[in-house]
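How do the parts of this structure meet, and which side-chain pairs link them? The report below takes up these topics in turn.

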Amino acid sequence: MRYLPHTQEEINDMLGVVGVSSLDDLFKPIPDDCCRSNELSFPGPMSEWELNAHMDSLSNDISADPDFKIYLGAGSYEHYIPSFIPYLVGRSEFATAYTPYQPEISQGTLQAIYEYQTLTARLLGMDISNASLYDGAMALAEAMLMAVRVTRRKKIAVSNLIHPHYRRVLQTYFAPTDYEIIELNGKGNGQTELEAIDGMDDLAAVAVQSPNFFGCVEDLQSIAEKAHAQKALLVTCFSEALAYGLFKNPGSLGADIACGEGQSLGIPRSYGGPGLGILACKDKFMRNIPGRLVGQTKDLNGRRGFVLTLATREQHIRREKATSNICTNNSLCAVTAAMYMATLGNKGMQALSRLNYNKTEYLKQSLKNAGANIPFESPTFNEFVVEFPLGFEKKYKGLLDRKIIAGLSLEPYYPEYKSHYLLAVTETKTRKDLDAFVKEVVS
Amino acid sequence: MNDNIKQGATGLIMNEPLLWEKGKKGRIGFSLPEADVDAYPLDESLVGHGPDFPDLSEVDVVRHYTCLSQWNFGVDTGMYPLGSCTMKYNPKTNERQAALPGFANAHPLLPQEMAQGVLKMIYDLERCLADITGLDAVTVQPTAGAHGELCGMLIFDSYHKSRGEKRSKIIVPDTAHGTNPASAALCEMKPVAVKSNENGILEPERIAAIMDEDTAGIMVTNPNTLGLFEENIKAIAGIVHGKGGLVYGDGANMNAVMGIVDMGRIGIDVLHLNLHKTFSTPHGGGGPGTGPVCVKKHLEPFLPIPRVIKQDEMYALREDFPQSIGRLHAFYGNVGVMLKAYSYILSMGPENLKKVSQLAVLNANYIKEKLKSTFHLAYDRPCMHECVFSDKIQQANKISTLDVAKRLMDYGFHPPTIYFPLVVNGAIMVEPTETECREDIDRFIEAMKAVAKEAEQNPDLLRNAPVTPKLNRLDETSAARKPCLTG
């Protein structure tokens, strides 16, 4: 086996040094009744070429773009990824390193993460960002745990226009605790109704997503004012980070913690993971933020360098008193996102997000003109809800044969929205694609 | 320094500023698609000025990250004997497989009949991991070891609740990873510490003395973080089960016992694995990883949803498991990582996977024997995949584990794990893994001996180390005192 370098002669020599006579004897400390009574029986070994053929056949058994025209978003977005980005991220000095516990020989990872933290904070209008969490859903859960820690209050109010899967993960994290989750409903315009929090005592935080699950941009400034009037924090969530190339960032509108998913920033969809959990906040919460943080410092000769810092918040020092249990995070995905943000720059972020907006509006208007109902009037970014005539489901299935996936049916998540579909349009769709789509769905 | 041993050398390393210290306003590194639709109006009060990012060209970005990468040490650079982290070689074919367009471009909400290839992979991987651990059912949804632990503790909590109980404590040995108590605390269970005995392992009597009906169970790492097999595990599991508790296995050290130990047979109810350790997926400088959780049959109903099931040769995602702890991830976990581990498992096959553990244990015992007269060996017993030394001998010259670690860099090695486990003062925890060949291991041994000699003859060489990397020792104290987290 090409990954196992030992020759039989070396094995024999080394066994001699250890003082045992066979490889099996190395396991003598293990009592017999702890050992397997059968041999492993999964398939293999495969040669590299057999493996290629096997994996090619699995990969070919998946419907993906560009062969298919896919209008699914809902937390995972099709964006162009410049080919040099996977090439750079794949450099094995980045990919095959461990968490940078030894800073002198990890400056590459450390500077790259420091730059990620900086660009992320700037994107969201926040003071600081951590080095990454697992995904957007976990980022929301950690943000809310952080909010109850900071405020020492017991209730959290969560918009039901936050991605349903994120809310489900939040529930999982909160299930063993006695904190109370209050759900905030949507309004007719596609934004969150805040009335329920008026006069609510013991409220730690209000969480909303913007753009929300229906693609609508929330009025963060008013929500911030309402939350702050109760001395609660505003936690803003997002599943499409690119929106902040166009829209005002959550920090400038009063958010205390911003959290969400960074997959849009140069990371392939990969059937939902790995993505990038982003968590950023205002300076005053620095010692309560979970996860790794990279900070700037100097070496013995006064040269600029970077280290993991504020480790006293973390599990390996504080154990059960840590701000989180997280250890391994999604570091390489954070580096990928930083590369992507650097590649776009200010100019590219603005232009690309504007393009997403315009193409989405083009489809929205075209569908409207063709007679489809757009139920929510609030501004959207690159996703919106359309109501098709009842029975559209049959057409949806027919379109699959024509290699078009006409978005996501909302009904399984919101039973009241029958025949409502969430459509996503990014820069990857051409006007021709969009015209063909309209023609197909209204025909 | 003995130049025959030393591989660390100086070379042409570039200085490279921070991203925003480069570039020119108006540059771009991205190929913007044509604007083939009209511009639509938008309420200008909603529009921002775009993030304050530098404007760079493609070449600027490529050079920047190429320079940065050269300041890093990875497994592909050299031996990385970081104990408890299993820094084995990360096969390149795995990268090819995970990047195949069907996988990389798969949208997670595709109609299931259009995602059969990836669902089959998840299903098969779960079956492989069940076989390897000897447990019955598996979820690959947790995205890291600590996420797996949280999943396990939520299963504990839900299991006890299903029996009408809320248990408030959990037994965690003093040798455990810090993630263990932190994960338990997230589930509002109070960790109760238990000390290992003079041989570095757990004593059934000590467990019996603290196990009670308010204790949810025990978290055991086996082999433990001293690299020793917990020989009394069956008796301990019996005690815990006798009081209605469950046994959690931290499988971070599974690389030692694949094809050898049956985790079900030794009494483990719930076990997490680390695909980014045992199953060769690259660690990425801190993730992404994957922390699958394997359980015995009676705990299967509690596994997170959705689950991948097989029905009439078709694969499907199902959520109708009313006792499930719920979702842990927005979608199904780190599929890109699963693909690499799956490729590794199929490349190895059953026989080679067992050989992995045999050679990992051989390498560790070989290092232990060769170095135990140079460095104090905390527990002089046959070890599994790692061995733990300390700086006890070097302390006579006021040389600490940190100094030894930093000096090893000058010889061209990544240092071992240091100051962990906490039960050994000044611990130096060495895990060579099976993919290191004998010459490299011998060179590591010689480097450790050379450093020990320097500690006696010229200790300042260690105190001032490292001198070969781009930077010398970094001031971590002032970094924490006056944090500067963004530029």
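Buried area is the accessible area, taken with a 1.4 Å probe, that two parts lose on being put together, summed over both. The model is predicted, so that local features need pLDDT of at least 70 and side-chain atom pairs count only at pLDDT 80 or more, while totals for chains, interfaces and linings use all residues. Residues are numbered from 1 along each chain as its sequence is written, chains are lettered from A and ligands numbered from 1 in the order in which they are written, and side-chain values use heavy atoms, with hydrogens and water left out.

**Two domains of chain A**

In chain A, the domain assignment (bounds from an automatic or database source) gives domain 1, covering 69-81 + 345-442, and domain 2, covering 84-340. Taken over C-alpha atoms, the centres of domain 1 and domain 2 of chain A are separated by 27 Å. Their contact, meaning heavy atoms within 4.5 Å, takes 32 residues from domain 1 of chain A and 35 residues from domain 2 of chain A. Between these two domains of chain A about 2700 Å² is buried, with carbon and sulfur atoms giving 65% of that area. On the side of domain 1 of chain A, the residues that lose the most area to domain 2 of chain A are A:Ile81, A:Phe381 and A:Tyr414, together 23% of what that side buries.

The count of salt bridges (a side-chain nitrogen of Lys or Arg within 4 Å of a carboxyl oxygen of Asp or Glu) between domain 1 and domain 2 of chain A is zero. Polar contacts, by contrast, are pairs of N or O atoms within 3.5 Å; within protein, one must be able to donate a hydrogen and the other to accept it, and residues adjacent in sequence count only if both atoms are side-chain atoms. Across the interface of domain 1 and domain 2 of chain A, the rule finds twelve residue pairs in polar contact, both residues being at pLDDT 80 or more.

**Chain B against chain A**

Between the chains, 205 residues of chain B are in contact with 181 residues of chain A. The area buried between chain B and chain A is about 17100 Å², and carbon and sulfur atoms give 64% of it. B:Tyr40, B:Phe53 and B:Leu485 supply 5% of the area that chain B buries against chain A, which is more than any other three residues. Between chain B and chain A there are eight salt bridges, and 97 residue pairs are in polar contact, both at pLDDT 80 or more.

**Salt bridges**

Over all chains, the count comes to 51 salt bridges, and the table gives some of them.

| Pair | Closest N to O |
|---|---|
| B:Asp131 and A:Arg36 | 3.1 Å |
| A:Asp198 and A:Lys226 | 2.8 Å |
| B:Glu95 and B:Lys340 | 3.1 Å |
| B:Lys372 and B:Asp380 | 3.2 Å |

For relative accessible area (1.4 Å probe, protein chains only), buried means under 20%, exposed over 50%, and partly exposed in between. A:Asp198 is partly exposed at 47%, and A:Lys226 is also partly exposed, at 32%. In chain B, B:Glu95 is partly exposed at 30%, whereas its partner B:Lys340 is buried, with a relative accessible area of 16%. B:Lys372 counts as partly exposed at 31%, and a network of salt bridges links B:Lys372 with B:Lys368, B:Glu369 and B:Asp380.
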